[in-house]
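I opened my notebook to look up what holds this chain together. My list has cysteines, charged pairs and the nonpolar core.

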Amino acid sequence: MATRAQPGPRSQAGSAGVAALAAVGVASGPGPGRPGPLQDETLGVASVPSQWRAVQGIRGETVSCLYTLGYPPAQAQGLHVTSISWNSTGSVVACAYGRLDHGDWSTLKSFVCAWNLDRRDLHPQQPSAVVEVPSAVLCLAFHPTQPSHVAGGLYSGEVLVWDLSRLEDPLLWRTGLTDDTHTDPVSQVVWLPEPGHSHRFQVLSVATDGKVLLWQGIGAGQLQLTEGFALVMQQLPRSTKLKKHPRGETEVGATAVAFSSFDPRLFILGTEGGFPLKCSLAAGEAALTRMPSSVPLRAPAQFTFSPHGGPIYSVSCSPFHRNLFLSAGTDGHVHLYSMLQAPPLTSLQLSLKYLFAVRWSPVRPLVFAAASGKGDVQLFDLQKSSQKPTVLIKQTQDESPVYCLEFNSQQTQLLAAGDAQGTVKVWQLSTEFTEQGPREAEDLDCLAAEVAT
């Protein structure tokens with residue numbers, strides 16, 4: 001794997017100079033039309049503020065598109081943007097390229113790309129860093145405190161961590177293909193603080209093989225399994241309204257994960273069966289499975305919620321209330337659940353096609369966004385309406401799907417979304433979506449106190 005700075009227009013050195021640059025794969029330093037190494041200063045730690053950073057929020061026009069980002073070699077292969085992540089400074093946005101449709105994409109060369117929006121020489125079609133990956137990348141997550149470290153989950157089942165500031169050899173750690181590795185594509189990766197070490201982090205991965213795994217980076221570039229969990233149908237707590245499952249089903253495929261902002265051990269899993277699960281890292285019961293593992297696998301599920309009409313693609317825990325979370329899936333619905341009851345508090349049909357992502361706003365307790373298979377991003381403000389979006393953003397003109405979106409928790413006026421055209425669009429939100437209302441927290445409490453009938 002190599003990280004490459006993308007060469008710009010040919011300089012006076014002529015074709016020989018360009019060929020030499022291509023041979024080593026990396027520009028030796030910044031120059032006209034090509035970025036230099038993605039060091040800490042270019043990751044926003046000490047970067048020059050760009051024009052959007054000076055804008056505190058727009059009034060009047062609710063949403064405007066700031067950037068349309070893409071990597072032409074990935075787009076030429078027909079690759080989709082499968083995941084997006086903002087780094088810890090809020091200045092760099094990275095995307096994973098892969099495919100979510102059927103087919104053997106495990107051997108297809110893919111990419112992780114990153115753009116620093118603070119760079120004066122930002123080129124939307126020339127990422128600040130490009131990592132070539134030998135398998136489709138399905139999920140991505142920047143490290144919570146290291147601006148250049150990013151974890152990714154592959155179609156092959158592997159989990160990798162890269163340092164985007166290292167141009168020559170960005171790979172820090174990988175799981176390798178062992179008995180511990182996921183046997184199905186990795187659905188999501190999350191960084192978690194180590195117990196008792198708030199400044200040290202592990203990578204958690206979930207996959208449709210039913211395993212939830214915790215990895216720790218060790219020497220020699222390896223991710224080592226430290227803890228593991230397995231979802232087994234016979235060990236799931238039964239909800240009274242849960243549909244009967246087909247005979248012979250054992251492992252339960254995990255499709256999405258979200259951790260509570262209030263309890264670091266508590267997490268929600270979305271599943272292929274369409275039902276969310278409340279789970280705990282503190283679970284002690286052994287999982288009834290024969291899946292091979294170097295550590296004992298435990299059964300994490302504590303509570304089963306009423307299901308969607310199809311697989312869940314995304315879950316998101318409220319940053320402002322310990323009991324609320326959202327889920328979205330193939331039935332085109334967003335469900336708002338309370339941790340305290342199985343049926344959803346409310347169910348919104350946002351699309352006749354799949355919903356691929358849902359995220360709570362990091363600054364507005366009653367605002368969330370959802371990405372649909374019809375090419376739009378819908379912004380909801382539950383203070384204004386509980387039934388229809390406040391703003392509908394048209395991301396793709398041909399209605400090709402939007403697969404992922406992420407709010408920027410540092411630069412709160414920014415929202416990024418990625419689509420099937422291989423494009424990342426960075427949207428600027430007006431103050432309407434970034435300034436908390438006077439009674440918003442109380443309204444959220446009232447919403448959480450409702451009991452579904």
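How many disulfides does the structure hold? I looked, and the structure holds zero. I note that the model is a predicted one. A disulfide is a covalent bond between the sulfur atoms of two cysteines. I then looked up two cysteines. Cys279 is buried, and its relative accessible area is 0%. Cys317 has a relative accessible area of 11%. Buried means under 20%, so Cys317 counts as buried.

Next entry: salt bridges. I wanted the total, and the count comes to 12 salt bridges. I followed up three pairs from this list.

Which residue does Arg200 meet in a salt bridge? I found Glu194, with 3.2 Å from N to O. I checked the exposure of each partner. Arg200 is partly exposed, at a relative accessible area of 44%. Glu194 has 13% relative accessibility, which makes Glu194 buried. I wrote down one partly exposed partner, Arg200, and one buried partner, Glu194.

My second pair was Glu440 and Arg364. Their closest N and O atoms are 2.7 Å apart, and the two form a salt bridge. Why does this pair tie together parts that are 76 residues apart in sequence? I looked up where each partner lies. Glu440 is in helix H4, residues 440-449. Arg364 is in the loop between strand E23 (355-360) and strand E24 (367-372), so the salt bridge links that loop to the helix. Are Glu440 and Arg364 buried or exposed? I found both of them buried.

My third pair was Arg439 and Asp443. I read 3.9 Å between the closest N and O atoms of this salt bridge. Arg439 is partly exposed, with 47% relative accessibility. Asp443 also counts as partly exposed, at 26%. I then looked for salt bridges that share partners. Such bridges join Arg364, Asp381 and Glu440 into one network. I had already met two members of this network, Glu440 and Arg364, as a salt-bridged pair.

Last entry: the nonpolar core. How many residues does the largest nonpolar core have? I noted 22 residues. Tyr97, Trp115 and Leu117 have the most contacts inside this core. I also asked which strands supply at least two residues each. My list reads strand E1 (63-70), strand E2 (80-86), strand E3 (92-98) and strand E4 (110-116). Strand E28 (414-419) and strand E29 (423-429) are on the list too.

Methods
Residues numbered from 1 in each chain as written. Predicted model: local features only at pLDDT ≥ 70, side-chain atom pairs only at ≥ 80, totals over all residues. Heavy atoms only, no water. Disulfide = S-S within 2.5 Å. Buried < 20%, exposed > 50% of the residue type's maximum accessible area, 1.4 Å probe, protein only. Salt bridge = Lys/Arg side-chain N within 4 Å of Asp/Glu carboxyl O. Helix = DSSP H or I, 4+ residues; strand = E, 2+ residues; numbered from the N terminus. Core = buried A, V, L, I, M, F, W, Y, C linked by side-chain atoms within 4.5 Å.
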